Amino acid sequence: MPELRQNFFTKEWVIIATERAKRPEELATHRPVLEMPSFVETCPFCPGNESKTPPEVVRFPINGEPWQVRVIPNKFAALSSEVQPTRSLQHLRRRIDGFGFHEVIVDSPDHAKCMALLSDEQVARILGIYKQRYNVLSLDPRINHITIFKNHGLDAGASLQHPHSQVIATPVIPSQVRHRLFEALRHYDDVGECMFCHMVEREVEDQTRVVLKGEHFVAMEVFAAATPFATHIFPLWQIARFGEITELEIADLARVLRTLLAKIYVGLGNPDLNFTVRSGPAEYARARHYHWYVSVIPRLTRVAGFELGSGMFINTVLPEAAAEFLRGVSVEKVAGAGAGK
Ligand SMILES: [Zn+2]
Ligand SMILES: [Zn+2]
């Protein structure tokens, strides 16, 4: 029987269409494995080509040569830090001058290695840079929201092959995010506890949707997943802001995230995907009602008319089957601890 499920958090309904259910492995890309070189002479993100990018924001190690992670302003930035966020209202038309920050994080010097193939140590370095940029940009009083994300593959919006992540800091809180913050606060006020803490505790106990669990983080399939293999990684303790994460916790998150990405890479044939860090705003330092998390969305299906018309998604893979499938994918042969640089 098909089933409608409601996302506990966004309140969105999705249709889990078991009538046209696919076995998880049927969604694998079967894409031929392209042998990519580790260095491409014309790539602006490859070592030696640093002068082809805008002046560097920061690198890791600081002033280090060779570098391991590099942050640069986006050459084709969506927003500009050169203007002020001046607001204007004319009748119903509200505008703000396009102030903001748009940065690119070059994940590693290696052109060929997507995050799934890097070492846990390198992923931890990248996450450390995410934290640093989040905290630095949060200090700007004109910034109200920071989105950290990765586009992997053409269908996920990546325009340059060299693996990289991006940060966009905006002068407004997007309405989707505001809705989430409100829902979380409403739940806390009604029930007296963080809705995420409650959900995570139940899911860890239940286990059917859990893909893997570290000391501080758990990766799980979303109960009301809008798309196949939509996976969230939650901290196992109450924490509203990503910027509060410690070194030890970063190391554990790197293991959990890298292992999850490797399972998706191996099990589903390196599909295009996005992931994003969904943090509470800077002023949520001690907030008890919100809980940051990482959302990983493989791009295995396309959005069609029904989704556009209703905002309701049809998912053809049972989240429980997706979790079972990913648990069973062995990634021992793929990088991980101690491998690579
Ligand atoms: Zn490159
Ligand atoms: Zn919580």
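A residue is taken as buried when its relative accessible area is under 20%. By this criterion, helix α4 of the predicted model is mostly covered, with 16 of its 22 residues buried. The helix runs over residues 247-268, and its length can be checked with simple arithmetic: at 1.5 Å a residue, a span of 32 Å should result, and the C-alpha atoms at the two ends lie 31 Å apart, which agrees. Directly after α4 comes G269, a residue with a positive phi, near 70°.

Attention turns next to the sheet built from β1, β2 and β15. These three strands make up an open sheet, arranged in the order β1-β2-β15 and with mixed pairing. Its edges are formed by β1 (3-6) and β15 (313-315), each of which pairs on one side only. From one strand to the next, the twist averages 30°. Within the sheet, β1 and β2 (residues 13-16) run antiparallel and are joined by four bridges. A helpful landmark for viewing this pair is R5, which stands opposite V14 in β2.

A single position in another strand also merits a closer look. T170 belongs to β9, the strand covering residues 164-170. Its relative accessible area is 17%, and T170 therefore counts as buried, given the cut-off of under 20%. What does T170 touch, leaving aside residues up to four places away in sequence? The contacts of T170 are with L79, R142, I143, N144 and H145.

Conventions: Residues are numbered from 1 along each chain as its sequence is written. Chains are lettered from A and ligands numbered from 1 in the order in which they are written. This is a predicted model: local features need pLDDT of at least 70, side-chain atom pairs count only at pLDDT 80 or more; totals for chains, interfaces and linings use all residues. Side-chain values use heavy atoms; hydrogens and water are left out. Buried means under 20% relative accessible area, exposed over 50%, partly exposed in between (1.4 Å probe, protein chains only). Contact means heavy atoms within 4.5 Å. Two strands pair if DSSP finds at least two bridges between them. Axes are lines fitted to C-alpha atoms, for helices over the stretch in contact, and angles run from 0 to 180 degrees between N-to-C directions. The expected span of a helix is 1.5 Å times one less than its number of residues.
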